[in-house]
Amino acid sequence: MTTARPVVDVEVWSDVICPWCYIGKRRFERAVAEVAGEVDVRVTYRPYQLDPSASATAPIPAVEGYARKFGGPEQATAIIAKVTSVAAEDGIEFRMDRALRANTFDAHRLLWLTTATGHQEALKQRLLEAYFTDGLNVADHQVLADCAADVGLDHDAIVRFLASDDGVVETRAELDEAREIGITAVPTYVFGGTWAVPGAQDSDTFALVLRRLGAKRAAADAAASGEVCADEACAVAASSDGFGPRPDEVGTV
C-alpha cells in the first residue's frame with residue numbers, strides 16, 4: 001500500500017520588483033504549510049521581467065517609475081497605497097518611498113544559480129526584502145552578493161559569478177520560455193507543468209489547488225503501482241466541479 005505523500009511541483013514565474021509576487025509568495029507559503037501533512041510541494045522560481053528596459057547602473061525611485069507608467073504622481077500614490085495596505089494585511093512591510101527601480105536580470109541570474117543548491121527560496125525572499133523594505137539596488141552586484149551571503153552563499157564566489165557570463169544564456173532562455181508559454185503577467189503559478197494559476201490568489205485557493213493535484217498524483221501513483229486500475233485512478237483524479245484558475249491581482253508595475 002502506498003504511504004508516501006504525493007509530490008506536486010510548482011514553478012512560480014515572478015519578478016523581484018513585483019508587489020503582487022511578494023504578496024502571492026506569502027499567501028502560497030501559508031497554503032503549503034496548511035497541506036504539509038498531505039502533499040509535498042517542490043517550488044522552483046522562474047524569471048520574468050516587468051521592466052526589462054530598466055537601467056542596471058542608474059536606478060530611479062520606484063515612485064517615479066510608477067508615475068511614468070500609470071499617468072502621474074497621483075495615480076502612482078494611489079497604486080502604491082493599495083499594494084502597501086494589502087501587503088500589511090499579509091504581514092509584509094513595504095517601504096515603496098525608498099524602493100529603487102532597477103534592472104532585475106542579474107537578480108534572476110543569481111536565482112538561476114541557486115536552483116540546485118537549496119538556497120533559492122531563501123534568496124528569493126531576501127531579494128524581495130532588499131527591494132521592498134530595505135531600499136537597495138537589486139541590480140548592483142555587491143548588493144546581490146551581500147544578499148546571497150545573507151542566506152549562506154559564499155560572497156566572493158557570487159561576486160565572481162556575477163562578473164562572468166555564467167547563467168546569462170540560461171536565464172535568457174527561461175525568460176523566452178515565459179513568453180512562449182503565454183505568461184504575460186506575474187505571479188503565475190504553474191502546477192505540475194500543466195495547470196497555470198495567475199495572480200496573488202488567497203491561501204485557501206492555493207491550498208485547494210494543491211490538494212486537488214495531490215489527489216490526482218496519488219491516484220496516478222496508485223495506478224502505476226497496481227493498487228487500482230487506471231480507469232479508477234482517472235475517476236478519482238477527475239475535477240468535474242468546474243473549479244479552475246481565476247485572474248486576481250497580478251504584477252503590472
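Select Lys25 and show its surroundings. Beyond residues up to four places away in sequence, Lys25 touches Tyr45, Glu121, Lys124, Gln125, Leu128 and Tyr189. Lys25 sits in helix H1. Bear in mind that this is a predicted model. Is Lys25 buried or exposed? Its relative accessibility is 3%, so Lys25 counts as buried, the cut-off being under 20%.

**Strand S2 and Thr44**

Go next to Thr44, in strand S2. Leave aside its neighbours within four places in sequence. Thr44 is then in contact with Val10, Glu11, Val12, Thr115 and Gln120. Now pick the C-alpha atoms of Thr44 and Asp9. They are 7.9 Å apart in space, with the two positions 35 residues apart in sequence numbering.

**The sheet**

Switch to cartoon view and colour the strands. The sheet is open and has 4 strands, in the order S2-S1-S5-S6, and its pairing is mixed. Which strands stand at the edges? They are S2 (40–47) and S6 (195–198). Each has a single partner strand, so one side of each is left without a neighbour in the sheet. Look along the sheet for the twist: the average is 25° from one strand to the next.

Start with S1 and S2. Strand S1 covers residues 7–14, and its pairing with S2 is parallel, over 8 bridges. Show Asp9 and find Arg42 of S2 opposite.

Move to the S5 and S6 pair. Strand S5 covers residues 188–191, and here the pairing is antiparallel, over 4 bridges. Select Phe191; its bridge partner in S6 is Trp195. The hairpin of S5 and S6 has 3 residues between the strands. Gly192 in this hairpin takes a positive phi near 60°.

Stay on S6 and show side chains. Trp195 and Val197 make up the covered face. Ala196 and Pro198 make up the uncovered one.

**Helices H8 and H4**

Select residues 168–180, helix H8. H8 lies across S1 and S2 and runs at about 100° to S2.

Add helix H4, residues 105–113. H4 and H8 pack with their axes 9 Å apart, at an angle of about 105°. The two helices are therefore roughly perpendicular to each other. To see the contact, show these side chains:

- From H4: Phe105, His108, Arg109 and Trp112.
- From H8: Val168, Glu170, Thr171, Arg172, Glu174 and Leu175.

**Helix H3**

Now select residues 73–89, helix H3. Put a distance between its end C-alpha atoms: they are 24 Å apart. How does that fit with the 17 residues of the helix? At 1.5 Å a residue, H3 should span 24 Å, which agrees.

Which residues of H3 are buried? Colour Ala76, Ile80, Val83, Val86 and Ala87. Turn the view to look down the axis of H3. The buried residues fall within an arc of 130°, so they line one face of the helix.

Turn to the face of H3 pointing away from the buried side. It carries the exposed residues Glu74, Thr77 and Glu89.

Bring back the neighbouring helices. The cover over the buried residues of H3 includes helix H1 (19–34) and helix H2 (62–70). H1 is also the helix that holds Lys25, where the tour began.

Finish just after H3, at Gly91. Its phi is positive, about 80°.

Technical notes
Residues numbered from 1 in each chain as written. Predicted model: local features only at pLDDT ≥ 70, side-chain atom pairs only at ≥ 80, totals over all residues. Heavy atoms only, no water. Expected span 1.5 Å × (residues − 1). Buried < 20%, exposed > 50% of the residue type's maximum accessible area, 1.4 Å probe, protein only. Arc of directions from axis to C-beta. Contact = heavy atoms within 4.5 Å. Pairing = 2+ DSSP bridges. Axes fitted to C-alpha atoms, helices over the stretch in contact; angles between N-to-C directions. Parallel < 35°, antiparallel > 145°, perpendicular 65-115°, else oblique.
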